[in-house]
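Trainee: I would like to learn how to read local features in a model. Can you take me through one, step by step?

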Amino acid sequence: MSEKTTLDRRFFMKGAGATALFGSAMAGGLAVPATTNAKGMGHTSMSMAYDLNEEFNRIGSGDSKWDGVRRRARPHDVPFPMGVADMDFRTLPHITEALMKRMGHQNWGYQPAPADFYENIIAWNAKRYDQTVKPGSILNAHGVLDGCLSILKLHNTNGAPVLIQTPGYSGFFSVVRNAQFSSLENPLVLNDGRWEMDLETMGKQIDEHDVKVMLFCNPQNPTGNCWSPEEMRAMGDLCISKGVLVISDEIHCDFVNKHATYTPYATLGEKYAQSSYTLKSTSKSFNLAAQHVAYLFSDNQKMIDDLKKSGHQRGSLNALGMIACNAAYKHGATYMDDMQAYIDGNCHFLEKYCAEEMKDVKYKVHEGTYLAFIDCTRVAKKLGGPNGEQRVGDLLQRFFIEKAGVNLNPGENYGKNGAGCMRMNLATTHKKLHGALNAMKAAIDAI
């Protein structure tokens, strides 16, 4: 591949400003990357098309993960922000190229989705997950939670509590509150390092509270479970028998470790597809959360039609977000494969480090997402436990920020049974992960 068609990965790091970027876009756009070799994760090496070891500096962009956390933690520095669920890698170059090309056309009138927008959503799900998404069943959303809110308002007509398996995505609790409902926690049970469903308790809760809607996460945030077909069928059969709608958040589906498999809930069979919605987005897979583009679908066309009639009208979204999403699904397969391999390596490195170097923290390689739910119960006990109304997770978060410069999310954010655990974002370079772990170990050893 010639030099002219090679993306210089250091281009942005050498002080090139907006003028240079616009000039490049106007002159024909940024070129796609050549294949390079990248090695990482200590004992693990692989051949990659994208250099995920690059130390990409995000400070100064005003983002929540780096700038926001450091601002809130003052006077303490936070060189290892590993809480907010976004990635530290440079985005897919094709996305930047598509965005800069559109930026070069300096007019921002009304703009529909790209002509092949839905075609590429359908193709991505078909090629990677053997899932058939019907063209007329797709609705746009500003985010997964935007779609959840509309579905809750339409379907939870009796105002009953909304069922959430916990530890579960913290955003579920906020969207239920925004819909003016209450949450009902169905605790998962930790068994040999893996969280398992308690369907007996779930059945009793559904009956007692007349539950009509369940918010489901697959792969599960924060536990990292990729639910098996058998687990989901058992859960689905229970929900169907009791008339409970399943809202399946599958935003993390592209992050699956090598030993695991992601199965879309709606592919289990017709009865499961007809009694559920699925929500997805490129915001996690390609780090596009700021673009506010997601989508939802269901094989039950009546539910989709009713959702539109009830007010979920999102015919057109942010223009740049739609362009970014489209470029991701058109050109991002290799990038996503590289990302999966890299994060799988980070997971195994974390497990090995905890087992050999930082034994007060327990972690077993999880199945999906780039989020590790680490058990810090022993650390909390060394610290003497929380004071007053302080949560265990708040105590641990403050300790790791102040003594190690590492930000982690308190386990209680994801449900009562998350106490003692902390959520750690592994979507970062191996160098940053290793630095964070060394800092945490030193802080724990000094207690």
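Mentor: We start with the naming of elements. Helices and strands are DSSP runs, numbered from the N terminus. Helices need at least four residues and strands at least two. With those names, T369 can be placed in the loop between α13 and β13. Keep in mind that this is a predicted model.

Trainee: What is the phi of T369?

Mentor: The general idea comes before the case. Most residues other than glycine have a negative phi, and most peptide bonds are trans. T369 is not a glycine, yet its phi is positive, about 75°.

Trainee: Is T369 buried or exposed?

Mentor: T369 is buried, because its relative accessible area is 0% and the cut-off for buried is under 20%.

Trainee: Which residue in the loop between α7 and β9 should I look at next?

Mentor: Take D210, which sits in that loop, between α7 (199-209) and β9. The phi of D210 is near 55°, again positive in a residue other than glycine. D210 counts as partly exposed, at 39% relative accessibility.

Trainee: Where are the cis peptide bonds from N218 and from N221?

Mentor: Look past β9. The bond from N218 to P219 is cis, with omega near -5°. P219 belongs to the loop between β9 (213-217) and α8 (229-241). The bond from N221 to P222 is also cis, with omega near 15°. P222 is found in the loop between β9 and α8 too.

Trainee: Now the sheet. What is the strand order in the open sheet of three strands?

Mentor: Two strands pair if DSSP finds at least two bridges between them. Here the order is β13-β16-β15, with antiparallel pairing. β13 and β15 stand at the edges with a single partner strand each, so one side of each has no neighbour in the sheet.

Trainee: How many bridges join β13 to β16?

Mentor: Five, and the two strands run antiparallel. You can check the register by residue. L371 has N425 of β16 as its bridge partner. I374 stands opposite M422 in β16. β13 is also mostly covered, with four of its five residues buried.

Trainee: How many aromatic pairs does the structure hold?

Mentor: It holds 18. To read one, take the distance between ring centres and the angle between planes. Planes over 60 degrees apart count as edge-to-face. Y50 and Y335 fit that class, at 5.2 Å centre to centre and 80° between the planes. Y50 lies in the loop between β2 (45-48) and α2 (64-72), and Y335 in helix α13 (residues 333-356), so the pair ties together parts 285 residues apart in sequence.

Trainee: Are Y50 and Y335 buried or exposed?

Mentor: Y50 counts as buried, at 7% relative accessibility. Y335 is buried as well, with a relative accessible area of 2%. A second pair is F373 with Y414. Their ring centres are 6.1 Å apart and their planes stand at 85°, so this pair is edge-to-face. F373 is in strand β13 (residues 371-375) and Y414 in the loop between β15 (409-410) and β16 (421-425), so many as 41 residues apart. F373 is buried at 10% relative accessible area, and Y414 is buried at 2%.

Trainee: Which residues form one aromatic cluster?

Mentor: Y50, W124, F286, Y295, F297, Y329 and Y335 do.

Trainee: Which ring has the charged end of R102 over it?

Mentor: The ring of W108, with the charged end 4.2 Å from its centre. Likewise, the charged end of K153 sits over the ring of F181, 6.0 Å from its centre.

Trainee: Last topic. How many disulfides does the structure hold?

Mentor: A disulfide is a covalent bond between the sulfur atoms of two cysteines. The structure holds zero.

Trainee: Why is there no bond at C253 or at C421?

Mentor: Compare sulfur distances with the cut-off, within 2.5 Å. For C253, the closest cysteine sulfur is in C226, 9.5 Å away, so it is too far for a bond. For C421, the closest is in C376, at 7.4 Å, also too far. C253 is buried, with a relative accessible area of 4%. C421 counts as buried too, at 8% relative accessibility.

Notes. Residues are numbered from 1 along each chain as its sequence is written. This is a predicted model: local features need pLDDT of at least 70, side-chain atom pairs count only at pLDDT 80 or more; totals for chains, interfaces and linings use all residues. Side-chain values use heavy atoms; hydrogens and water are left out. Rings of Phe, Tyr and Trp (its six-membered ring) pair if their centres lie within 6.5 Å; planes under 30 degrees apart count as stacked, over 60 as edge-to-face and the rest as tilted. Buried means under 20% relative accessible area, exposed over 50%, partly exposed in between (1.4 Å probe, protein chains only). A charge sits over a ring if NZ of Lys or CZ of Arg is within 6 Å of the ring centre and within 35 degrees of the ring normal.
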